[in-house]
Amino acid sequence: MNTLAAIVTPSLNAIIAGGMLKGLSATLVALKLMSIKDPFIQVLNIVADAPFYFLPFLIGYAAAKRFKVSGYYGLMMAGVLMYPTIVNGSTKPGTGIGMWGLTVPFFNYKASIFPVLLSVWVFAYVYRWINRWMPRKIQIVFTGMIAFLITTPIALILLAPLGNYIAVGLTSAVTKLYAFSAPVAGAFFCGILPLTVIFGIKGWSAVELSNLNILHYDFMLPNFFFSNLAISGATLAASLKMKKGIDKSAATSTGLLAILGITEPALYGIDVPYKKPLWSSMIGGAIGGCVAATLGVKTFAFAMPGITSIATYVDKGNNLLMTLIAVAVSWLAGFLIQLIFNFKTKKEN
């Protein structure tokens, strides 16, 4: 998970920008301020979709840097997977290129993470192995060439398709969990998220982006949104019981900051040291996640999980209304539970 986070996180600036633009486009169309055929909306959608369509290039570059080879090799591997012959051929299921008695299957790897990640991972091992015995003076000429000669067939025949199946499997597993019991799944994921932040367990973005690519919506990212709101409510409630001082000021400012999706200051500065706000955040988040899952809240683009991402929940139905209900429930649950806990002003050891 931490490796996934290290690879995906550098791309989030572009991904979030695209997601927010997608949300803006959806809002303008939903409010009937502009038509879907309006030239401005068409251009806006091109810009918004770019970081998702070409996500393998972003991931390929970051993965190569993580695995200690040139980032440009990662871009080249992404280019192999995104080559028009493969992407266009994916429209005809079951087609591919026959090679050595095997078949290079055609998949559409746009907006994918795992195919290029696995391919670059193996390429890095092969590259470093070749580089160890290649004379230094000719490394730049032959090491990359031989590494691609060895790795590309393996990537196209095995690794990239395997990565595609992993993405589909993860999405299917999460979907089945929500189908089995959406309220329980929402409560569980949303309730544990403060702990995953505290212990540095990241990498959820890969699952969320996979859902958006395969399902065209996601129900994992909203859990972060509602968890953040519960943290905000609990932390602000804690500030009401504090005497004037540094902690009270910190609780107020970090509680407000959590509404925007930045929760680390609240968690590390207030919730963890005082303990009860952490429990309130988790219980409030579980309640919010349960309500959101029951109402079927989804997001349609990747964005920072804070109040500014509300536009990414707009659709032609009532998803935005359901989202606003879950927003109110999450924040109030964290706030009220913390008040019920009768917060003490002294830190507990």
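**Figure 1. A salt bridge joins helices α2 and α3 in this predicted model.** A search of the whole structure finds one salt bridge, meaning a side-chain nitrogen of Lys or Arg within 4 Å of a carboxyl oxygen of Asp or Glu. Its partners are Asp49 and Lys22, whose closest N and O atoms are 3.0 Å apart. Asp49 belongs to helix α3 (residues 39–53) and Lys22 to helix α2, so the pair links distant parts of the chain, 27 residues apart. Helices here are DSSP runs of H or I with at least four residues, strands are runs of E with at least two, and both are numbered from the N terminus. Asp49 is partly exposed at 33% relative accessibility, and Lys22 is partly exposed at 28%. Buried means under 20% relative accessible area, exposed means over 50%, and partly exposed lies in between (1.4 Å probe, protein chains only).

A note for all the views: residues are numbered from 1 along each chain as its sequence is written, and side-chain values use heavy atoms, with hydrogens and water left out. Because the model is predicted, local features need pLDDT of at least 70 and side-chain atom pairs count only at pLDDT 80 or more, while totals for chains, interfaces and linings use all residues.

**Figure 2. The protein chain as a whole, for orientation.** The chain holds 14 helices and two strands. Its C-alpha trace spans about 70 × 50 × 40 Å along the principal axes. Of its 349 residues, 48% count as buried. Take the contacts (heavy atoms within 4.5 Å) between residues at least 6 apart in sequence: 72% of them join residues at least 24 apart.

**Figure 3. The largest nonpolar core has 50 residues.** A nonpolar core is a set of buried Ala, Val, Leu, Ile, Met, Phe, Trp, Tyr and Cys residues joined through side-chain atoms within 4.5 Å. Which residues have the most contacts inside it? They are Ile59, Ile113, Leu209 and Phe302. Several helices give two or more residues to this core, including α1 (2–8), α2 (12–30), α4 (55–66) and α8 (139–198). The largest share, ten residues, comes from α7. Look next at Phe302: not counting residues up to four places away in sequence, its contacts include Leu12, Ile15, Phe52, Leu209 and Leu221. A second, separate core of twelve residues includes Val174, Tyr178, Val207 and Met220.

**Figure 4. Ser11 sits in the loop between α1 and α2.** Is Ser11 buried or exposed? With a relative accessible area of 5%, Ser11 is buried. Setting aside residues up to four places away in sequence, Ser11 touches Leu58 and Ile59.

**Figure 5. Helices α9 and α10, two well-covered neighbours in numbering.** Nine of the twelve residues of α9 are buried, so α9 is largely enclosed by the rest of the structure. Among the buried ones are Trp204, Val207, Glu208 and Leu212. From first C-alpha to last, α9 reaches 16 Å, close to the 16 Å expected at 1.5 Å a residue; the expected span is 1.5 Å times one less than the number of residues. Just after α9, His216 takes a positive phi of about 70 degrees. In α10 (residues 221–240), 19 of the 20 residues are buried. The end C-alpha atoms of α10 are 30 Å apart, which agrees with the expected 28 Å.

**Figure 6. Strands β1 and β2 form a hairpin.** Strand β1 (residues 96–99) pairs with strand β2 (residues 102–105) in the antiparallel sense over four bridges; two strands pair if DSSP finds at least two bridges between them. Gly98 has Thr103 in β2 as its bridge partner. Two residues lie between the strands, and Trp100 in the turn has a positive phi of about 60 degrees. Met99 lies in β1 and is partly exposed, with a relative accessible area of 24%. Leaving aside neighbours within four places in sequence, Met99 is in contact with Val104, Pro153 and Ile157.

**Figure 7. Cys190 and Cys290, two cysteines outside any disulfide.** A disulfide is a pair of cysteine sulfur atoms within 2.5 Å, and by this rule the count comes to zero. How far from Cys190 is the nearest cysteine sulfur? That sulfur belongs to Cys290 and is 10 Å away. Cys190 is buried, with a relative accessible area of 0%, whereas Cys290 is partly exposed at 26%.
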